[in-house]
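User: I have a model open and would like to learn how to read its features one at a time. Where should I begin?

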Amino acid sequence: MKKILSAIAFGIAIFGSQSALACPSEVTLNINSSNYSGLINVELRKGQRPGSTVVRRDSVDTRGTVRVPGVCAGKYFFAFSTPTEDAASLTGYFEV
């Protein structure tokens, strides 16, 4: 798991919208790994650990983008793991 965490360069972008939707924000995660190849499981989680809830779960290649529309205000983080591991690496918390 340390290889994944050290190999993933990511950017988090949060976009607001003038839409009348209840949760108009979109969160985008760009993954670009140079030391790991294969699929990466990515979860956008709301709240703090322990006790956070999964908002979106996706699998992407080592160079991929995860877009999550309709994100409500709150504290979030991303969790990463490989398909064969239970342990996850985490990003820092961010606010929407």
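## Reading the model step by step

Analyst: Begin with one loop residue: leaving aside neighbours within four places in sequence, proline 83 is in contact with Tyr36, Leu39 and Asn41. Keep in mind that this is a predicted model.

User: Where does proline 83 lie?

Analyst: Proline 83 is in the loop between β6 and β7 (89-90). A distance between C-alpha atoms can then be set beside the separation along the chain. For proline 83 and isoleucine 40, the C-alpha atoms are separated by 6.6 Å, with their positions 43 residues apart along the chain.

User: What does the secondary structure of the chain come to?

Analyst: The chain has 1 helix and 8 strands. Read from the N terminus on, the order is α-β-β-β-β-β-β-β-β. Contacts add to that picture: of those with a separation of 6 or more, 55% are between residues 24 or more positions apart.

User: What share of the residues counts as buried?

Analyst: Of the 96 residues, 34% count as buried. The cut-off to remember is under 20% relative accessible area. Serine 25 is a case to work through: its place is in strand β2. Because its relative accessible area is 13%, serine 25 is buried. Its C-alpha lies 8.6 Å from that of valine 68, although the two residues are 43 apart in sequence.

User: Which residues have the most contacts inside the largest nonpolar core?

Analyst: They are Leu29, Ile31, Val42, Leu44, Phe78 and Phe80, in a core of 14 residues. The elements giving two or more residues to this core are β2 (25-33), β3 (40-46), β5 (63-71) and β6 (75-81).

User: How do I look at one member of the core more closely?

Analyst: List its contacts outside the immediate sequence. For valine 42, leaving aside neighbours within four places, the list includes Leu29, Ile31, Val66, Phe78 and Phe80. Charged residues are in contact with valine 42 as well, among them Arg56, Arg57 and Asp58. One of these partners, phenylalanine 78, lies in strand β6. Phenylalanine 78 counts as buried because its relative accessibility is 0%. Between phenylalanine 78 and valine 42 the C-alpha distance is 6.8 Å, with the two residues 36 apart in sequence.

User: How many aromatic pairs does a search of the whole structure find?

Analyst: The search finds 3 aromatic pairs. To read a pair, take the distance between ring centres and then the angle between the planes. Tyrosine 76 and phenylalanine 94 are stacked, at 6.1 Å centre to centre and 25 degrees between the planes. This pair links distant parts of the chain, with tyrosine 76 in strand β6 and phenylalanine 94 in strand β8 (residues 94-95), 18 residues apart.

User: Why do tyrosine 76 and phenylalanine 94 count as buried?

Analyst: Tyrosine 76 counts as buried because its relative accessibility is 2%. Phenylalanine 94 is buried because its relative accessible area is 11%. A second pair is formed by phenylalanine 78 and phenylalanine 94, also stacked, at 5.9 Å centre to centre and 25 degrees between the planes. Here the link runs from strand β6 to strand β8, across 16 residues. Ring pairs thus link Tyr76, Phe78 and Phe94 into a cluster.

User: Which ring has the charged end of lysine 75 over it?

Analyst: The ring of tyrosine 93; the charged end of lysine 75 is 5.6 Å from the centre of that ring.

User: Is the peptide bond from arginine 49 to proline 50 cis or trans?

Analyst: Read the omega angle of the bond. The bond from arginine 49 to proline 50 is cis, with omega near -15 degrees. Proline 50 is found in the loop between β3 and β4.

User: How is empty space found, and what is the volume of the largest pocket?

Analyst: Rolling a probe the size of a water molecule over the atoms shows where empty space is left. In this model, the largest pocket has a volume of about 230 Å³. It is lined by 17 residues, and those closest to its centre are Glu43, Arg45, Ala79, Ser81 and Ala88. At least two residues of the lining come from each of β3, β4 (53-60) and β6.

Key. Residues are numbered from 1 along each chain as its sequence is written. This is a predicted model: local features need pLDDT of at least 70, side-chain atom pairs count only at pLDDT 80 or more; totals for chains, interfaces and linings use all residues. Side-chain values use heavy atoms; hydrogens and water are left out. A nonpolar core is a set of buried Ala, Val, Leu, Ile, Met, Phe, Trp, Tyr and Cys residues joined through side-chain atoms within 4.5 Å. Buried means under 20% relative accessible area, exposed over 50%, partly exposed in between (1.4 Å probe, protein chains only). Helices (H or I, at least four residues) and strands (E, at least two) are DSSP runs, numbered from the N terminus. Contact means heavy atoms within 4.5 Å. Rings of Phe, Tyr and Trp (its six-membered ring) pair if their centres lie within 6.5 Å; planes under 30 degrees apart count as stacked, over 60 as edge-to-face and the rest as tilted. A charge sits over a ring if NZ of Lys or CZ of Arg is within 6 Å of the ring centre and within 35 degrees of the ring normal. On a 1 Å grid over the protein atoms alone, a cavity is a set of points where a 1.4 Å probe fits but cannot get out, and a pocket is an open set with protein on both sides within 12 Å along at least five of seven lines; lining residues have an atom within 4 Å of a point. Grid points are joined across faces, edges and corners, and a volume is the space filled by probe spheres set on the points.
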